[in-house]
Each structure stands twice: as structure tokens, then as C-alpha cells.
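Welcome, and please open your viewer. This short tour tells you what to select at each stop and what you will find there.

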Amino acid sequence: MDNIAIQVTDVEKIYKLYDKPSDRIKEALGFGRGKHHTEHHALKGINLTIRQGECVGIIGTNGSGKSTILKIITGVINPTHGDVHVNGRISALLELGAGFNMEYNGIENIYLNGTMIGFSEKEIDEKLESILEFADIGEYVYQPVKTYSSGMFVRLAFAVAINIDPEILIVDEALSVGDVFFQAKCYHKFEEFKEMGKTIVFVSHDLGSISKYCDRVVLLNQGVKLGEGEPKKMIDVYKQVLVGQYTVPEPEEGRLLDDEQLRRAAAGKGDNKERTDTGPANGESVDAAVMENPELLEYGSKKAVITEYYITDDKGTKTSAILKGNTFSIHMKVRMEQDLQAPIFAFTIKNVRGTEITGTNTMFEKAFLESVSAGEEREVTFTQEMNLQGGDYLLSLGVTGYENDDFTVYHRLYDVLSVTVISDKDTVGFYDMNSRVEVK
């Protein structure tokens with residue numbers, strides 16, 4: 001298809017791991033019998049289609065294969081099996097230092113990188129001024145890059161990648177070393193690229209950026225593609241993987257798990273299994289005025305269980321609509337199924353795209369640091385002023401803790417209730433700073 005920028009078909013990457021260098025030599029020379037290595041499958045049968053003009057995020061834990069798939073797409077390494085087809089000129093910003101000669105100065109590396117991408121010296125001459133202006137590292141551009149700080153290095157690398165007018169931009173985590181002002185500058189460039197209809201493939205642990213900028217997200221885990229879909233859904237599943245509470249169901253032959261199956265798998269639900277041990281019984285805590293999510297994402301060890309949850313306004317009325325500027329409270333009742341040492345009660349508010357806007361927990365607030373016994377119930381109330389801009393938001397609740405220094409999730413309810421903020425004055429961004437303005 002003409003509108004496909006990147007097509008990855010049945011790609012596998014297998015690395016040979018040797019216990020010691022001599023084993024590599026023995027195998028190469030054919031000494032001894034059998035193999036002297038073990039195989040590490042970095043990628044297992046990955047299929048991926050990225051269309052022109054898409055911004056696609058790739059997320060996953062460390063070692064999931066994110067950087068490997070980018071290196072294969074950019075041609076830095078070859079796949080062991082499978083095919084990759086790229087339609088368009090790629091500019092890639094991979095790990096710090098990729099494509100740079102440490103002995104060269106900044107100017108020389110600009111020409112080196114431009115030539116590697118396929119530009120002539122004349123074309124690089126025409127773009128040099130815009131590259132230097134974007135990098136903004138001053139006279140350091142005439143010094144060897146081995147003397148650069150990590151921040152200066154990434155400024156130059158990104159300036160080259162972004163200003164040579166690529167059709168496909170690939171970025172792998174490198175922006176995390178830039179300062180906040182440079183990151184804002186880069187993300188503004190992302191938006192310009194999207195408006196121009198260019199293709200972006202973006203790997204990051206910054207889930208807020210993934211949610212904001214990506215049209216679609218691919219989730220990898222241990223070299224396997226778990227699924228792809230809307231950023232919010234994939235991020236929710238990714239959070240299960242992070243705490244080891246995600247079980248991958250077997251897809252039907254030849255068919256990838258769809259979004260609904262992923263959500264059910266993450267929540268530990270079968271297709272016909274009803275949600276249990278959560279939420280208000282027979283509507284006793286949530287009335288018609290409160291919007292409860294029938295497809296909420298739920299998981300945890302259930303050593304503690306959230307049994308009730310609701311929101312009240314400044315008059316104590318249960319509701320899902322809060323007037324901006326007014327006080328409101330988030331309530332949840334938690335039943336302890338086992339003895340626990342200092343459980344942590346938490347809430348998070350996200351926007352509809354899945355970006356976490358705000359939240360807190362009893363550990364941050366130093367509000368509850370006690371042990372609890374099996375059978376106890378605790379009623380937790382968070383009270384605060386609503387300063388978010390007018391609009392719709394999603395509330396998530398959780399009970400977690402530490403067991404022998406290991407972080408453990410007892411019960412989490414993602415997007416359990418909707419919250420509507422009613423406002424007659426909205427400012428810029430997510431929340432209102434309630435500025436006092438004086439004009440003389």
C-alpha cells in the first residue's frame with residue numbers, strides 16, 4: 001500500500017550468548033561438539049504496520065525489545081528472521097552517541113551524520129544554520145564531542161535529526177537527558193512534524209508524552225508484541241506488566257489479541273466472568289448521579305479490597321459533577337483480607353487521553369503509616385479544592401504497600417468513576433493557578 005511508511009513482518013532477533021570469550025572462538029573454529037552458546041530471543045515474530053503521518057509509540061519494560069526493533073527498522077542491525085520495508089527517508093535518534101565520532105567536533109559530526117543519512121555537502125550547508133540555532137550550544141560546536149555534557153550531546157544529536165527534513169523520525173528515549181526547556185522545544189517540533197504529515201516512531205518511559213503525542217501505541221514484553229491500540233488502553237495494560245500482574249491469554253490461531261481481550265486479560269476477567277469484590281453493592285454507594293465505569297480495569301493480589309467508592313461535593317452530596325473552585329472529597333472503603341504492614345491508599349485523576357494530571361496517597365501525605373489486621377475495614381477520604389479546567393476526567397483508586405522492600409499492588413481500580421468539572425472560566429493547561437490580577 002502506498003500509504004505505508006514502515007512494514008515489519010514476522011521479525012525475530014536472536015542473540016548468541018557465550019559464558020566466556022573462548023567459547024565463541026571454539027564454536028567459530030568448530031572445536032568440540034554441540035553448541036557453546038545459549039540463545040536469547042530479543043524479538044519473537046513481531047508484525048507491525050505504521051502508516052504515513054502516524055505518530056506511533058512503543059512501550060514496554062526494560063529488555064522488552066523496544067530499542068532492538070528500532071535498530072532493525074533503521075538498519076543498524078539485521079533481523080535474524082523476517083522482513084522490514086521502509087518507504088521514506090529515515091532520521092533516527094537512538095541511544096546517546098549512535099552515529100557520532102567522539103574525536104570529531106560538532107560541525108564535523110553534523111556533516112558526518114548528514115552524509116550517512118544521504119544528504120550532499122551542499123544540502124547540509126543549507127541546513128547548517130538551522131541545526132546550530134536549534135542546538136544552541138554556542139562555541140562548543142567547535143570542540144570535540146567527547147568533551148560535551150550529556151545535555152549538550154543530545155541537543156546537537158536531536159538538532160541534526162530534526163532539521164534534515166526526514167520523512168520518518170525515530171526517537172529512542174534520548175530526550176530524557178535534555179533540560180526541561182529543550183524537551184519543550186523538541187515536543188513542539190513533534191507537533192510541527194505531525195501537522196506536516198510526517199511519520200514519527202517514539203519510544204519512551206514518559207507515559208504522559210506517549211499519551212499526548214501518539215495516535216497509536218504498541219506494547220512489547222520480553223520480545224513479544226502483547227498488542228496495539230489506543231494510548232490509554234495500552235498504557236493501562238502496561239501498568240499491569242510493571243507490577244507482574246498481567247497474564248497473557250492465548251489468542252486464537254493467527255489472530256492478535258484485540259483491545260477488549262487485552263483489557264479483560266489485564267483485569268483478570270474472562271469473557272463471561274462478572275467482576276467481584278469491588279464497587280458498591282446494590283447501588284448503596286453510587287447513585288444515579290455518579291458515573292461508574294462498567295468496563296473498569298481491575299487487578300491486584302486482593303490482600304486488601306476496595307469495597308466502596310464515591311465522590312461528594314462541598315455539601316456532602318454524592319455526585320460526579322464538581323464546580324471548579326469548590327471543595328470535594330474522594331471516598332473509598334477498604335477491607336483487609338490479610339495482616340498488612342502500612343498499606344498505602346491512593347487516587348489518581350487522568351484526562352480522557354490517559355495522561356495522569358494529579359493525585360496523591362497516604363504515604364505522600366504522611367496520613368497513615370500503621371499496620372492493619374485481617375478483617376479490619378478502613379474508610380479513606382481525600383478532601384481538596386477542584387482547580388482543574390472544565391471538562392471530563394477519570395478517577396482511579398488503589399491500595400498498595402511494601403513487602404520486604406518489594407512494591408506490591410493489593411487492589412487497583414483504573415478509571416472507576418468519571419468526574420465532570422463545571423467551569424465558567426478556564427485558563428491555559430490542565431489546572432487553574434487562580435492568579436490575582438491587578439492592572440493600573
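Three stops follow, after a brief word on the model.

This is a predicted model, in which local features need pLDDT of at least 70 and side-chain atom pairs count only at pLDDT 80 or more, while totals for chains, interfaces and linings use all residues. Residues are numbered from 1 along each chain as its sequence is written, and side-chain values use heavy atoms, with hydrogens and water left out.

**Stop one: a charged patch.** Select E121, E123, D125 and E126, which gather in a patch of negative charge on the surface. Patch residues have over 30% relative accessible area and no salt bridge, and like charges are joined within 9 Å, nonpolar side chains (Val, Leu, Ile, Met, Phe, Trp, Tyr) within 5 Å. Now pick E126 alone: this residue sits in helix α4 (residues 121–135). E126 is exposed, at a relative accessible area of 58% (buried means under 20%, exposed over 50%, partly exposed in between, with a 1.4 Å probe and protein chains only).

**Stop two: two cysteines.** Next, select C55 and C214. Why is C55 not bonded to C214? The two sulfurs are 4.1 Å apart, too far for a bond, as a disulfide is a pair of cysteine sulfur atoms within 2.5 Å. C55 is buried, at 1% relative accessibility, and C214 is buried too, at 1%. Across the whole structure, a search finds zero disulfides.

**Stop three: a nonpolar patch.** Finally, select M363, F364, L369, Y402 and F407. Together they form a nonpolar surface patch with about 540 Å² of accessible area (Shrake-Rupley method, 1.4 Å probe; for residues, only the protein chains shown count as cover). F407 belongs to strand β18 (residues 406–422) and is partly exposed, at 39% relative accessibility.

How values were computed: A salt bridge is a side-chain nitrogen of Lys or Arg within 4 Å of a carboxyl oxygen of Asp or Glu. Lys and Arg count as positive and Asp and Glu as negative; His and the chain ends are not counted. The place of a charge is taken as NZ of Lys, CZ of Arg, CG of Asp or CD of Glu. Helices (H or I, at least four residues) and strands (E, at least two) are DSSP runs, numbered from the N terminus.
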